[in-house]
Structure formats: C-alpha cells, structure tokens
Amino acid sequence: MSNPDFSPVTVIGGGIAGTTSAIALARHGLPVTLIDEQPTAGGQIFRAPSPYARQTVPPNHEFSGGDALRHKLTASSVDVRFSTRAWGLSPTLALDLIGPDGIDQLPPSTVVVANGATERFLPFQGWTTPRITGLAGASILMRNGGTLPGQTVVVAGSGPLLFSVAHQVLELGGKVAAIVDAGHRSDWLRLGAMLSLDPARLTQATSWMLRLRKAGIPIHHRAHISAVQETETGLLLNVSEMDHPERRHVYASEAAACGYGLKPSTLITRTAGVQHRHDPVGGYLEPVTDLAGRTCRPDLYVTGDAAGIRGMAVARLRGLITAHAIAQDRSVISGETYETLTRAPLRQLRRLEAVSRRMLPLMNAGSAIPAHLQDETIVCRCERVKAATLRSAIKAGAEDLNQLKAWTRCGMGPCQGRMCEDSARGLLMAVCGKTSEDAGSFTARMPFFPLPLTAVTGTFAYSDIPLPKAAPL
Amino acid sequence: MTPALQSRPDVFDTVIVGAGVMGATTALFLARGGQKVALVDREDMFRAASGVNAGTLTLHMTRAQLIPHAIRGREMWLDSATWLGEDVGAIATPGLSMAFTEAEEELLRQRAQVRQDMGAPIEVVSPEEAIQIEPGVNPAIRAAAYCALDGHIPTYRVGAAYARALRQAGVTIIENSPVETITPATGGGYDIRISNRVQPVQGRRIVLSTGAWLEKMLGWLGYNIPIRCLINQLVVTETLPPVMGSVLSIANGLLSLKQFANGSVLIGGGWQGEGNIHQGGTRVIPENLRGNVRLAQYVVPRLDEAQILRVWLGLESETPDAMPLIGALTPDDDAFVVGCVHSGFTSGPYMGRLLAERILGGNPDLSPFDPTRFSSLAATGTRS
C-alpha cells in the first residue's frame, strides 16, 4: 500500500448523502469541509423545521432522521460552512464561495458533489399566475414551514412527490381538490408490487394512499393541467387527459402545486468538465459515475441524487460508499477494509436501487407534454419567451439548445435555464426530430446564481484596480 | 480555371470557412452578386466571437487607422433592416471615454487626437459636460472624450437575422462541420475536407474567415502568420433601473459599459480569461473578474445595486501588427482571407462587403490589410 494521502476533501451539499459522506470521511481521519446554503444540515428531505412547524406538523421520520443526522454531524470533526453557496469552480477545483462574510475561495481539493436534485417543471397556459408552486416548494412550505400553499390545492405533475404533497395538505388540515398525474395507473401498481423490497417505503405509501382514498380525492392518471385562469377567489384549472383529449375536467382551488419529478443538479459537475450522459428512463442528464461516485476526474466524486435520482435511502448508502471509496483511493484504508465496510451497504444499495429505478418512468411521465405546448404558453419565465417564438426559431435553423438560447433569450435569465431547459429541449426534439443528446444542454456558466456585484468588488480604491496596459492605438 | 471545373454543377463558386460576421457578410454579398456559395462552420453559425462579444459600436476603441471602416460598419448595423432584411436592434448612443488620473488624461487626449485626425467626431469635454451627458458617471473624472457616433447591439440576435438572410440569398449553410484540411484540387479550386464527411466540399475559390483559428488554416496554404488569441471576459448583470444611456469606456480602452433596453448592464473591455482554442475550454481568472467589475463600479457607482448574472469569455484574434488581414492570398485570386479586425464587430459587416466587392471584380482599397505584408512570409501561397 502506498503512503496514505490526507489532503483535504470538500463536500458540496449538506443533505443526506453529503452529510453522511462528510461524517464518514472525517472518521477515516480526512480533513473535511462541508458546504451548504442552508443554516443547518439536512438538505431538502431532512431540512430542519421551523419552530412553528415543530408545533404544527405531526412528528415524522424526516424530523427525527434529520435531527439524528445533525446530531452526528455536530459530534464529528467535520468543518462546516453553512449559509454558504458555491458560485464558481475553477478547472483545478478551487471553489468560489459566498457566505455570511462575503466571497471567499477554497483552494483546490478533492470535491464530493452532493448537491442533490432540481425539480423538473413543464409549463402550461397561464402557469406564471400567482399561487402556482412547484411540488418540492409546496412540500418545504408545509413540512418545514407548517404553512399550507392554500386551503384547497390541486396537486399535479408526476412521481411520488404527488402523493407526499397531497398527504401533507391533508395533514395540515387543507383540502386536495384533485390529484392530476401524468403517469399510468398500471406503472404505480407495478411499483407497488416491488415495494416489498423496501418495507419502509411500502408502509409510508400504504398509509398515504389509505388516507387519500378516505378523503375521496379524485385522481386522474395520464392527465395534466392544460391551462389555468385566475379568478377572484383563486384558480380555475383545466385538466386534460393525454389519451382522450376530448375529456376535460375543471377544478377550482386556492392554489396549485405542480412538478414533474426530479433531475440531478448538474451545473457544478458540468462546469468541472466531467462526462455526462442522458438517462433515457429518467429523461435527464446525469454525470457518468461508478457505483462509488467516481467520475472521469480523479479529484471529483458525485454522490446522492446528484449522480442520478434514487431517493433518500439510496442517497445515504451512496454517501457512505463514496466516503469509503475516497479513503481507499487515498490509501487511507486497504482494499480489504473497503470490502468489509461496503459489503452490507452495497447489498442494501442493490436492493433499493431496483425499486428506485422503477420510480424514474413515473417521474418522467410528462416527457411528451412539451411537444404539445400551446403557442401562447410562456416557456422561459425569466425572459418571457413563448412556445411560438421557440418553434419559429427552431424552424429557422436553431437546432441546438445554445443556438436557441442565443436567438430567443430562452434560458438567459437569472434561473440559468433550470425552469425552461426541459421544455425547450422537448420542443426541439419534437420540431426537428433531434435526440436529447443532439439537442444538448445550456452551457453552464458562473456564477451559478445571481451574485451581488459588491460581493465581488468589496471595498477598494481606484489605485487598487490592476489596469492592463492600453489597447493598441 | 479549367473548363472542366467550370462546368461542374456541384462545385461552389466560393466556399467560405468561418460563419461569423465577416464570413457571413462576404457570403451574403457574393450570393447576391450571383455566386453559388457555401458557408461552413465548425459549430453552429455565430457561436464564436461574433455571437458572444460585447456588441459595442465604438470609435473610441477601434484602431485609429480603421476609423473610416468603423464608421461605415456602424452605419450598416444601424441600417440592418435595409441590407440584412431585419433590424437587429442596433442603437445609436453617444460614447464617453473617461480619464481619472493625470496619466489617463494625457492618454485620453492623445488617443482622441489621432482619432479626430482619422475623421472620428471625437472631442475632449470637461467633467461638467461629461456629467451632463451621462449623469451616472463618477464625478471624480478629470476629463472625457465624447463621440457622437457610438452605440450597441444585442449581439446574440445577429445570428438569427443572418441565418434568414443567407438562406433567402441561396447560400448553402454547412454547420457543425469542422474543416480538417484544405488542399488544391486537381484542375483548379480547392477541396475542403470536413470531419465525418466522405466527400470534400469543393470550391473554385475559398475565403478563410475563422478568426482565432486563422493561424492554423493559413498554415495549410503556406502562410506562417502568428495570430494571438485574446480571451475576452464579459459580465452581464440582472436587469436594473436605468443607470446609463451611453457607451462608456476609459482612456486606455479597457472598459466597455452599456445598458441594454431590457435593463441589463454589460461589462467588458478585454480583460483576459484563460484557455486554449485547440483543446477547448476557457476559464475566468478571478482577479480579472474582480478588476473588471471594480472598474465598472468605479465608473458608474450605481452599479453597486447590481447582481452579476453571468460571466463568459469570447475570443478575439490579433496579428503581429494588430491590423486586419483582408485580401487575396494567391496571385490566382482563388484564396482570400478576412479577419483579425480590431473591434471587428463594429467594422465587420463593412469589411465583409468590401471583400465580396473585391471578389466580384471591384477594386476597393484593401492595401493596408494585404495578408502578404508579413514580407518574409509572403507569396509562399503561390500555386505552382
């Protein structure tokens, strides 16, 4: 065995995967820094609830699991930097950060990307109306803020979050007007049959479904919200069935929550230049990794949902395995120790992955929606670009996402295309028959989110500016 | 030219390699002049320098000798509806170049003078006058050079307009096609070999307009001209309430600052990033980001309210004497080059039109840009 390498490791993302990984790395004696934008660890699922939510939301696994994780982190030697976000990354993996004390740069280190997932959103006519939120956003509002998005809510989109959100609305005393799911009922039944492999999820799913059924909530499968109008009291939502366009349903509610599953957050991994591929089942771009999260860069690992959507239980296991793999790659532990440490987690991982992969088609059930967007529908909210504008640019020759962005401004705004990329790509594929690979992705650019200009400039005098020599006369 | 080649219908009259402003304008005017034209690019068209530059229409930053061309280029941009068939959104604004130190003031006066001599309507004004023209600038200025003929363009819109015009003119556009070699064809003309294509594209003549990639391609034709590749940094902010109405720069030329109609402010000026055009990939140098943005905030203090939305890097190419390469590469008049024009976006369409005029048999004065001027290297491109 060569000399062990105890140089620093930086974990980006303090969710289940990142925090688990950081704690395990620290146990291997590696100096670890954990960065997260929230004030405490937990990520999206284990996010620390507000004091109000602790009083109003019934005790649940996410609260207790999160508290346990945070407790373990506090007891570890992990150096934590909370309320801090990475806004840039150099090719050597120096990390540009912004936190409570302004901007800062971490010198190059081994980086574990554990920045989780982004919700996929697909537009419909009128979606920019107030009181329409994402499913993930609605879930955070309820679970961690103890607040309903509205007294009556239409829950729409695809994937398991539909039923989680509907259940949370009931839990807080709200009403669910309808559940509108792009997925097939039979896909859910097939998933249900597999849940015996994951007893924890099976118990949870059964209790949700019983409660939703008892409340008599209408559930439409293979359906989507096709249009929304604002009324004096809230929203009026049109629901269309995908296989029977003539069948329409109208629901009134105060709010709507809509989301079409999750996709890995790839801004950081794309900036780092690691190889990515389109997962046709998940319908998203993911970094190419091995089981332990290794990428084509020896100094960069990806773990948790950032490496492909598999859910909470898999994220924890992946975080653990990635940490052991780094310890082995650094010769901190032997190959044998690695085998011993990862035997049980790997066995569990394989079992749970089978269930998780079944979730992907359910999350991606809305993939055909962008092709049928009405011309007047806004696709890019930041720049107010409509489907008609995109269609005509594609027909005029903008046959990849970046050319389409240049010609229409779609994706040029503050969200950096997080909201519109999937629908713009879907339109491209539909209009000119491109594959998702050929359609491409918006080029990742820093800063990863809008950055206050003064955070970059700081306090300075004119003489501090290193003016380059004059341009030629 | 041999009769055999003349009669082959699949051979283009001119194949233009490099679909940016200069190549595309040349293509457009050649096609309108009756030629059968192909325009080839390694990526989608207008994705390199021509699609990502700062869009400044400027006489302050253009090299003094190119002032007459820049004035014509600017006129073409403002008149794009007429010759390109679409208004690309060029806006005429005044331009102010500013000095904050004694040394800068001296430089400012010197640069203003040589530009005046070349016909630019530039005059040095007092701080009070400058603040009247642009109330948002830092009152610490010592002097400013005022030019009535500046302006800006939302660069990203230009490619779409050219695409439509070129198709209408009948130009064959071959995108995402990196050229691997260019070789003289038997019987005259050139074979242009493209990756992943079995058959070469054939042209009776070629035009190279590949900007930063010119050095390599000129090498294929026997020219050894070192071309420096600048990697220029650009920073755009989120939309802001109006903070400025003109194009702002500083005396040494290393700032360009403008606010577009949508409210976003674009900060440029040629601060450098890192990268290698052959291996691909560019990166921001943090100190240069900070320096460029500090300079911008110093010039327009209200930028302290801004949020930086995006930083990117664009390429600019420069010859050893920082003057353009425009003209014939061979005595047979079958290979041409257009490129390396300083602040080339401003003069670009005019330069492209001049080359098209030359190829169609006209006689515009291109002598200052003669690519064979790097004497020890000249005439190696002569065909036997």
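These legends go with a set of views of a predicted two-chain model.

**View 1. Chain A as a whole, with its 15 helices and 23 strands.** Chain A has a radius of gyration of 23 Å, and the globule rule gives 23 Å for 473 residues, so chain A is as compact as a globular protein of that length. If you want a box to frame it, the C-alpha atoms fill roughly 70 × 70 × 45 Å along the principal axes. Buried residues account for 55% of the 473 in this chain. Looking at contacts with a separation of 6 or more, 65% of them in chain A are made by residues 24 or more positions apart. On the outside, there's about 19200 Å² of accessible surface, and carbon and sulfur atoms own 54% of that. As for charge, chain A carries 47 positive and 39 negative side chains, with 4 Å between the centres of the two sets.

**View 2. The stretch of chain A from 9 to 312, listed by UniProt as "domain: FAD/NAD(P)-binding".** The label comes from an unreviewed entry. In the model, residues 9-312 of chain A are 28% helix and 30% strand. Pick out the C-alpha atoms at the two ends of this stretch and you'll find them 23 Å apart.

**View 3. A:Asn144, in the loop between helix H4 and strand E10 of chain A.** Helix H4 covers 135-143, and strand E10 covers 152-158. Is A:Asn144 buried or exposed? It's buried: the relative accessible area of A:Asn144 is 8%, and the cut-off for buried is under 20%. Setting aside neighbours within four places in sequence, A:Asn144 touches A:Arg47, A:Ala48, A:Pro49, A:Ser50, A:Ala53 and A:Ser139.

**View 4. A:Arg131 and its positive phi.** A:Arg131 isn't a glycine, yet its phi comes out at about 75°. Look for A:Arg131 in the loop that runs between strand E8 (117-119) and strand E9 (132-133) of chain A. With 38% relative accessibility, A:Arg131 counts as partly exposed.

**View 5. A:Arg318 on helix H9 of chain A.** This helix takes in residues 312-329. How accessible is A:Arg318? The relative accessibility is 9%, so A:Arg318 counts as buried. Leaving out neighbours within four places in sequence, its contacts include A:Thr303, A:Gly304, A:Asp305, A:Ala307, A:Gly308 and A:Arg310. A:Leu349 and A:Glu353 are also among the contacts of A:Arg318. For a sense of scale, zoom out to A:Val228: the C-alpha atoms of A:Arg318 and A:Val228 are 40 Å apart, with their positions 90 residues apart in sequence.

**View 6. Residues 378-428 of chain A, listed by UniProt as "domain: BFD-like [2Fe-2S]-binding".** Here too the label comes from an unreviewed entry. Over residues 378-428 the model is 49% helix and 10% strand. The end C-alpha atoms of this stretch sit 15 Å apart.

**View 7. The cis peptide bond between A:Met446 and A:Pro447.** Omega for this bond is about -5°. A:Pro447 belongs to the loop between helix H14 (436-439) and strand E23 (451-452) of chain A.

**View 8. Chain B as a whole, with 11 helices and 19 strands.** Its radius of gyration is 21 Å, close to the 21 Å from the globule rule for 384 residues, so chain B is as compact as a globular protein of that length. The C-alpha trace of chain B spans about 70 × 40 × 40 Å along its principal axes. Of the 384 residues here, 62% count as buried. Residues 24 or more positions apart make up 72% of the chain B contacts with a separation of 6 or more. The accessible surface of chain B is about 14100 Å², with 49% of it on carbon and sulfur atoms. There are 31 positive and 37 negative side chains in chain B, and the centres of these sets lie 6 Å apart.

**View 9. B:Ala160 in helix H8 of chain B.** Helix H8 spans residues 158-168. B:Ala160 has 5% relative accessibility, so it counts as buried. Now find B:Asp321, 161 residues away along the chain: its C-alpha atom is 33 Å from that of B:Ala160.

**View 10. B:Asn176, a residue other than glycine with a positive phi.** The value is near 50°. B:Asn176 is in the loop between strand E7 (172-174) and strand E8 (179-184) of chain B.

Conventions:
Residues are numbered from 1 along each chain as its sequence is written. Chains are lettered from A and ligands numbered from 1 in the order in which they are written. This is a predicted model: local features need pLDDT of at least 70, side-chain atom pairs count only at pLDDT 80 or more; totals for chains, interfaces and linings use all residues. Side-chain values use heavy atoms; hydrogens and water are left out. Helices (H or I, at least four residues) and strands (E, at least two) are DSSP runs, numbered from the N terminus. The radius of gyration is taken over C-alpha atoms; the globule rule is 2.2 Å times the number of residues to the power 0.38. Buried means under 20% relative accessible area, exposed over 50%, partly exposed in between (1.4 Å probe, protein chains only). Contact means heavy atoms within 4.5 Å. Accessible areas come from the Shrake-Rupley method with a 1.4 Å probe; for residues, only the protein chains shown count as cover. Lys and Arg count as positive and Asp and Glu as negative; His and the chain ends are not counted. The place of a charge is taken as NZ of Lys, CZ of Arg, CG of Asp or CD of Glu. UniProt positions are given in the numbering used here, feature names are shortened, and annotations may be inferred rather than shown by experiment.
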